[in-house]
Amino acid sequence: MREMKDSGIEWIGEIPSNSLLTPLKYLSCIIRGGSPRPIANFLTDEVNGYNWIKIGDTVKNSKYITKTKFKIKPSGLNNTRLVKKGSLLLTNSMSFGEPYILQIDGCIHDGWVSLFDFRNINQEYLYYCLISNVCRVQFERLTDGGVVQNLNIDKIASVKVVLFNLAEQERIVKFLDTQCSEIDATAEDIQKEISLLEDYKKSVITEAVTKGLNPDAEMKNSKIFYLGQINKNWNLSKVGYCCKKLYRSFEPSDEALICSNKGKVVPRGDTLIGLMTSDDNAMQGICKGDIAIHGMDTWHGAIACSDYDGKITRVVHVCKADGDNRFVAYWLQHLAFVGVYKLISNGVRGNTSDFRSWDKVADIYVPDPIKEEQKQIADFLDSKCSEIDTLIADKKRQLDILADYKKSLIYEYVTGKKEVV
């Protein structure tokens with residue numbers, strides 16, 4: 001067993017006696033994107049435009065940026081930095097400082113921090129240090145839980161890593177590459193299973209709300225160009241005929257809710273995702289069982305019956321059906337699955353739909369089986385979707401366990417608590 005010593009940092013604990021706890025400023029140069037004066041022209045005159053490195057160029061579970069879809073002209077280099085292949089980039093996105101090794105020459109804006117000209121440290125070993133809690137905890141403490149853009153270069157330079165000799169760094173990298181690749185492959189397989197389950201759930205909803213529960217039901221042409229076939233025995237109505245728009249009051253102390261893209265109305269908690277604003281002046285009341293239709297995220301399936309009483313942003317239409325609210329909500333989700341809202345929308349962006357107007361929502365067609373059949377279909381879908389959601393939740397727990405294991409594995413080896421033998 002190797003000899004250990006106190007690192008002097010409580011949450012790191014002991015490190016091998018042959019290692020050093022070393023600040024980044026002694027191991028690499030550090031720059032921030034966005035300077036009006038590029039540090040150097042690393043690119044040749046033969047390059048037709050410059051690689052413009054964007055967050056969208058990153059790939060989940062990859063430590064490399066290998067290509068980019070974007071090019072800029074030399075005249076567009078103001079407020080950029082030129083960076084070499086082999087530089088290590090930190091992003092200030094929601095993923096908080098996620099590092100990547102650049103495999104191409106390119107330009108960065110002030111959403112990136114670049115480390116380069118490494119001294120006595122393997123860049124891939126440094127990558128593993130940066131994604132481990134050794135560095136991430138230091139980043140979070142330096143920014144009070146903020147993001148990398150709140151760190152100046154001096155603060156980044158002060159972040160420390162456990163430094164071994166280059167031979168041991170290379171052994172650690174080789175070991176972690178193998179182990180992490182296996183973990184990532186397993187996680188990818190589980191994610192594929194989740195995607196299949198989500199697709200299966202959508203198909204179950206679609207079949208039930210268009211055909212009913214009889215698999216041999218005769219179908220007819222809806223004669224609505226975007227709807228296709230529906231059960232022969234059903235009539236068509238419109239949201240405006242079968243649903244009433246509600247204008248509920250609320251108390252400031254009521255729980256704030258969001259209508260999520262997962263087809264759920266859930267407590268907002270500490271997140272603002274799904275809200276246009278959190279100000280009570282832009283809120284409305286909602287009761288358990290009400291239908292919530294998100295006026296902007298309709299296309300993504302942000303439609304659901306609420307399981308809660310509370311308040312919700314007014315960009316969400318709160319309404320109640322003459323029949324079964326759940327059936328109407330499932331039908332409207334189905335329309336999202338098959339792309340109807342984007343087809344009939346004048347959304348301001350390609351990845352949105354604009355149904356902020358109740359009149360526009362009211363014009364959406366809805367099948368109108370008898371109330372008892374609506375209830376039977378909704379009961380079936382509640383049960384079936386609950387089963388599928390349970391399977392999905394279990395798969396997501398497996399992903400969380402794998403992510404925690406990967407994080408722990410990296411931490412143990414870059415701190416020397418475990419040794420590659």
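The legends below describe three close-up views of a predicted model.

**View 1. Strand 9 and its two pairing partners.** Strand 9, residues 88-91, is covered on both faces, with Leu 88 and Leu 90 buried on one side and Leu 89 and Thr 91 buried on the other. The strand runs antiparallel to strand 10, residues 99-102, to which 3 bridges join it, and it also pairs in the antiparallel sense with strand 12, residues 112-116, over 4 bridges. Leu 89 can be followed into both pairings, since it stands opposite Tyr 100 in strand 10 and has Ser 114 as its bridge partner in strand 12.

**View 2. Helix 1 and the residue before it.** Helix 1 spans residues 123-131, and because 8 of these 9 residues are buried, the helix is largely enclosed by the rest of the structure. The buried residues include Glu 124, Tyr 125, Leu 126 and Tyr 127, as well as Tyr 128, Cys 129, Leu 130 and Ile 131. At the start of the helix, a side-chain oxygen of Asn 122 comes to within 2.7 Å of the backbone nitrogen of Glu 124.

**View 3. The surroundings of Asn 221.** Asn 221 belongs to strand 14, residues 219-221, and its relative accessibility of 48% places it in the partly exposed class, because that class lies between the buried limit of 20% and the exposed limit of 50%. A polar atom of the Asn 221 side chain lies 2.7 Å from the backbone nitrogen of Lys 223. Beyond its neighbours within four places in sequence, Asn 221 is in contact with Gly 228 and Gln 229, while the C-alpha atoms of Asn 221 and Lys 232, residues that are 11 apart in sequence, are separated by 8.2 Å.

Definitions and conventions: Residues numbered from 1 in each chain as written. Predicted model: local features only at pLDDT ≥ 70, side-chain atom pairs only at ≥ 80, totals over all residues. Heavy atoms only, no water. Buried < 20%, exposed > 50% of the residue type's maximum accessible area, 1.4 Å probe, protein only. Contact = heavy atoms within 4.5 Å. Polar contact = N/O pair within 3.5 Å; in protein donor to acceptor, adjacent residues only side chain to side chain. Pairing = 2+ DSSP bridges.
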